[in-house]
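Grab a pencil and work through these exercises one at a time. Try each task yourself before you read its solution.

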Amino acid sequence: MKEEVSMEKPTVKTKFQESEKVLCFHGPLIYEAKCLKVQVKDKQVKYFIHYAGWNKNWDEWVPESRVLKLSDANISRQKDLQKAHEASLKNKKNKKEKKNKLAKESGKDGGGPVGSGGSRERSSGGGGGDDSRSSTPSTDRSSGGPGKRSTASTPTTPASKEESEARKKRSRLDNTVDTEEQFMTSVEVRVKLPDELKPALVDDWDLINRQRKLAMVPARHTVDTILADYIRAKTSTKSNTPNKESAVQEVVAGLREYFNVMLGTQLLYKFERPQYAEILQQNKDKQASDIYGFIHLIRLFVRLGQMLAYTQLDEKSVTLLNFHLQDFLRFMVKHLETYYSIQDYGVAPPEYHRKAI
């Protein structure tokens, strides 16, 4: 007997209907689309989406969280995201051109041509390593351009012993600049952010940068609370081994440390900085992980891959670390509704706007 494909018909009222024109997230952007099919399975609603102007090979099943009504407000949001994305790409392109120019100049100064083994390439993938669509239909996916560094950096004039010692001393003191060997041997880490978490980041950007709202702090569920919940969830089963529990503890400790170090310098929007300064002043005895919550922790994962690339990890360690990071992100998806709500944002008062300008 031929086995039939199980496809449950919707038994509950869904937000979108078959043949309805909608907007849909793909990567960081929003695209016009059409809902071809609706599926409700295990209480999970999914839609089979066709992107307008795109080959049907791009058709895909997406969760309800990625689909938006085709309304003026959402079209406005789509345009805002497109502008922000184009500005980001332009900024990256300028940085890449500047880096390539410096690399060529470095190759000339070193007395060796760049194209004769004097330079190497290394992919500079984004924080989440996610595919993104361009503003017009195309089968090409951007993945970040390679950055070049010249290895031909030996000066043509021999330095004196004193100059050589001084250079070595400066090198020891300036540990913020990686050496050529460290740069070339570092293993790139790609941390893929689950699709279910991306709409929260998009809403977060819109609420803060366009609507001028602020995440309320201290958060309902702080980063420390979330990390503690994860540890309990992972260590409560009897099948766990001491090694596995130790690995979970170590990864969580690392996430907390990275969060506390990076929040003030890399994870905040400009509009949030006055709030951050006030919070630090009022809570001198607390760390950021005990004040900020879910959405700021998710922002960390966008940048985390770039940071981890500069740690001394071999490929085996990177693979193991990525396994634990993805497991933690699945935990975040599972508890998304508990930890995150747009009600966690409040309107910034007029006096705050004056500080933030």
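**Exercise 1. Find which residue of S2 stands opposite Leu23, then describe how S1 and S2 are joined.**

Step 1: Start at Leu23 and look across to S2, where Glu32 stands opposite. Keep in mind that you're looking at a predicted model.

Step 2: Now zoom out to the two strands. S1 covers residues 21–26 and S2 covers residues 29–41; they run antiparallel, with 6 bridges joining them.

Step 3: Check the turn. The hairpin of S1 and S2 has 2 residues between the strands, and Gly27 there takes a positive phi near 65°.

**Exercise 2. Follow S2 onward into S3 and work out what the turn looks like.**

Step 1: Count the bridges. S2 and S3 (residues 44–51) are joined by 8 of them and run antiparallel.

Step 2: Pick out one pair: Val40 has Val45 in S3 as its bridge partner.

Step 3: Look at the turn itself. This hairpin also has 2 residues between its strands, and Asp42 in the turn shows a positive phi of about 55°.

**Exercise 3. Put the strands of the open sheet in order and say which ones stand at the edges.**

Step 1: Add S4 to your sketch. S3 and S4 run antiparallel and share 4 bridges; Phe48, for one, has Trp61 in S4 as its bridge partner.

Step 2: Write out the whole order: the 5 strands go S4-S3-S2-S1-S5, with antiparallel pairing.

Step 3: Read off the two ends. S4 (60–63) and S5 (67–69) each have a single partner strand, so each has one side left without a neighbour in the sheet.

Step 4: Finish with the twist, which averages 50° from one strand to the next.

**Exercise 4. Decide how H6 lies against H7 and against H10: roughly parallel, antiparallel or perpendicular?**

Step 1: Take H7 (residues 242–267). Its axis comes within 10 Å of the H6 axis, and the two cross at roughly 170°.

Step 2: Angles over 145 degrees count as roughly antiparallel, so that is how H6 and H7 are arranged.

Step 3: See who touches whom. On the H6 side, the residues include Val223, Leu227 and Ile231, and on the H7 side they include Val248, Val252 and Phe259. Sorted by class, this contact has 8 nonpolar, 2 polar and 4 charged residues.

Step 4: Repeat for H10 (residues 315–334). Here the axes come within 11 Å and cross at roughly 105°, which makes H6 roughly perpendicular to H10.

Step 5: List the contact residues again. Ile226, Asp229 and Ala233 are among those from H6, while His324, Phe328 and Met332 are among those from H10. This contact splits into 7 nonpolar, 1 polar and 3 charged residues.

**Exercise 5. Locate Ala219 and find out which residues it contacts beyond its neighbours in sequence.**

Step 1: Ala219 sits in the loop between strand S8 (213–215) and helix H6 (223–235).

Step 2: Set aside neighbours within four places in sequence, and Ala219 is in contact with Ile291, Tyr292 and Gly293.

Step 3: Compare chain and space. Asp344 is 125 residues away from Ala219 along the chain, yet their C-alpha atoms are separated by 7.8 Å.

**Exercise 6. Sum up the whole protein: how many helices and strands are there, and what share of residues is buried?**

Step 1: The protein has 12 helices and 9 strands.

Step 2: Out of 357 residues, 38% count as buried.

Step 3: For the surface, about 22,100 Å² is exposed, with 51% of it supplied by carbon and sulfur atoms.

Conventions. Residues are numbered from 1 along each chain as its sequence is written. This is a predicted model: local features need pLDDT of at least 70, side-chain atom pairs count only at pLDDT 80 or more; totals for chains, interfaces and linings use all residues. Side-chain values use heavy atoms; hydrogens and water are left out. Contact means heavy atoms within 4.5 Å. Axes are lines fitted to C-alpha atoms, for helices over the stretch in contact, and angles run from 0 to 180 degrees between N-to-C directions. Angles under 35 degrees count as roughly parallel, over 145 as roughly antiparallel, 65 to 115 as roughly perpendicular and the rest as oblique. Ala, Val, Leu, Ile, Met, Phe, Trp, Tyr, Cys and Pro count as nonpolar, Asp, Glu, Lys and Arg as charged, and the others, Gly among them, as polar. Buried means under 20% relative accessible area, exposed over 50%, partly exposed in between (1.4 Å probe, protein chains only). Accessible areas come from the Shrake-Rupley method with a 1.4 Å probe; for residues, only the protein chains shown count as cover. Two strands pair if DSSP finds at least two bridges between them.
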